[in-house]
Amino acid sequence: MNNIHQHAEHLLKAEEENHLVDCLTQDHPDLSLEDAYAIQDRLVELKQEAGHSISALKMGFTSKGKMRQMGIEDPIHGKVFEYMEESDGAKLVFDEYLHPKAEAELAFKLGGDISGAEVTAEEVLEKTECVFPMVEIIDSRYQDFKFTLPDVIADNTSAKRVVYSNQLFSPEDFRLDDIGVTLYKNGEAAIRGVSSFVMDHPANSVAALAKMLHERNGTGLRRGDLILTGGITEAVLLAKGDHVVTDFEGMGSVSFHVR
Ligand code: 0L1
Ligand code: MG
């Protein structure tokens, strides 16, 4: 496909100008996964050329809840930039978003390199320096938050904002597949889940990312990389005025307001 650059510019413009667009596959039904990652790569390059730096890698569609919600069954990956980062207690401005949704996740920071086709969750845990809870705010650039797999990959997996906990935890101190999570919206429990919903153990999501990178271009994960392992439950739609508090059992909470 020779329109990689135009598609990347089109999606970047939608993100920067905060307007919705039709799915790329509407006019290009043959868009392959390879094309879609090439568009994402170009979009990422354009952001880098504008002076932004990548701060984390993210996995998507790693839990049954997310797969069911979006009708997609394959994990995908994208990039998070430093300008997307907020911390616990953040005030988000609703008008900067199209149709934002919040999803609770665990993030892993690596203390060693991980690569190859045979990476296991055990290796990931051995090489994990710390973990922390976070909430990702996704905001698809597509109408009605509806897309096919190539569309969402090209759109950098709906990345928009991330709200990080201020506390870091040692992976040895927790059963990371048994962290209960409750997301409260305006004081009411909107959704509950357990971290095992992410590929039975969120370390499997990190291992899956290492394998996908290995298969795609022979690369892997490096010491210092931060990986967001994917929404534990379905994402929850946000509105102006919402106050969200997400409790992660034994790890405190992550909160934000939408103004
Ligand atoms: O964490 C996730 O599963 C995010 C998937 C990103 C795509 C989306 O749902 O818009
Ligand atoms: Mg996510």
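**Exercise 1. The burial of glutamate 136**

Task: Determine whether glutamate 136 is buried or exposed in this model, and establish which ion it serves as a donor.

Solution. Step 1: Glutamate 136 has a relative accessible area of 1%, and is therefore buried, since the cut-off for burial is under 20%. This value, like every other here, is computed from a predicted model.

Step 2: Glutamate 136 is one of the protein donors of the magnesium ion (ligand 2), together with Glu103 and Glu105. Each contributes an OE atom, and the donors lie 2.0 Å from the ion.

Step 3: The spacing of these donor residues in sequence is E-x1-E-x30-E. Glutamate 105 belongs to strand β5 (residues 101–110) and glutamate 136 to strand β6 (residues 128–138); the two are 31 residues apart, so that the pair links distant parts of the chain.

Step 4: Glutamate 105 is likewise to be classed as buried, because its relative accessibility is 0%.

**Exercise 2. Two further residues of strand β5**

Task: State where leucine 106 is placed and where alanine 102 lies, and describe the surroundings of each residue.

Solution. Step 1: Leucine 106 is found in strand β5, and alanine 102 is in strand β5.

Step 2: With a relative accessibility of 1%, leucine 106 is buried. Alanine 102, at 0%, is buried.

Step 3: When neighbours within four places in sequence are set aside, the contacts of leucine 106 include Phe132, Pro133, Ile227, Phe248 and Met251. Pro202 is also in contact with leucine 106; the C-alpha atoms of leucine 106 and proline 202 are 7.4 Å apart, although 96 residues separate them in sequence.

Step 4: Under the same exclusion of neighbours within four places, alanine 102 is in contact with residues including Val135, Glu136, Ile137 and Phe256. Leucine 31 is 71 residues from alanine 102 along the chain, and their C-alpha atoms are separated by 28 Å.

**Exercise 3. The surroundings of ligand 1**

Task: Identify how many residues surround ligand 1 and which are the closest.

Solution. Step 1: Ligand 1 is surrounded by 16 residues, of which Phe61, Lys66, Glu103, Ser158 and Gly231 are the closest.

Step 2: Phenylalanine 61 places a backbone N or O atom 2.8 Å from an oxygen atom of ligand 1.

Step 3: Two side chains also approach oxygen atoms of the ligand. For lysine 66, a side-chain N or O atom is 2.7 Å from an oxygen atom of ligand 1; for serine 158, the corresponding distance is 2.6 Å.

**Exercise 4. An open sheet and its hairpin**

Task: Give the order of the strands in the open sheet, and explain why β4 and β9 are its edges.

Solution. Step 1: The five strands follow the order β4-β13-β12-β8-β9, with mixed pairing.

Step 2: β4 (90–92) and β9 (188–194) each have a single partner strand, so each has one side without a neighbour in the sheet. On average, neighbouring strands are turned by 20° against each other, direction ignored.

Step 3: β4 and β13 are parallel, joined by three bridges; alanine 90 has phenylalanine 256 in β13 as its bridge partner.

Step 4: β12 (residues 243–248) and β13 (residues 252–258) are antiparallel, with six bridges. Valine 245 is opposite serine 255, and threonine 246 is partnered by valine 254.

Step 5: β12 and β13 make a hairpin with three residues between them, and glycine 250 in the turn has a positive phi of about 80°.

Conventions: Residues are numbered from 1 along each chain as its sequence is written. Chains are lettered from A and ligands numbered from 1 in the order in which they are written. This is a predicted model: local features need pLDDT of at least 70, side-chain atom pairs count only at pLDDT 80 or more; totals for chains, interfaces and linings use all residues. Side-chain values use heavy atoms; hydrogens and water are left out. Donors are N, O and S atoms within 2.8 Å of the metal (3.2 Å for Na, K and Ca); water is not among the atoms, so sites may look incomplete. Helices (H or I, at least four residues) and strands (E, at least two) are DSSP runs, numbered from the N terminus. Buried means under 20% relative accessible area, exposed over 50%, partly exposed in between (1.4 Å probe, protein chains only). Contact means heavy atoms within 4.5 Å. Two strands pair if DSSP finds at least two bridges between them. Axes are lines fitted to C-alpha atoms, for helices over the stretch in contact, and angles run from 0 to 180 degrees between N-to-C directions. A residue is near a molecule or strand if one of its heavy atoms lies within 4 Å of it. A polar contact is a pair of N or O atoms within 3.5 Å; within protein, one must be able to donate a hydrogen and the other to accept it, and residues adjacent in sequence count only if both atoms are side-chain atoms.
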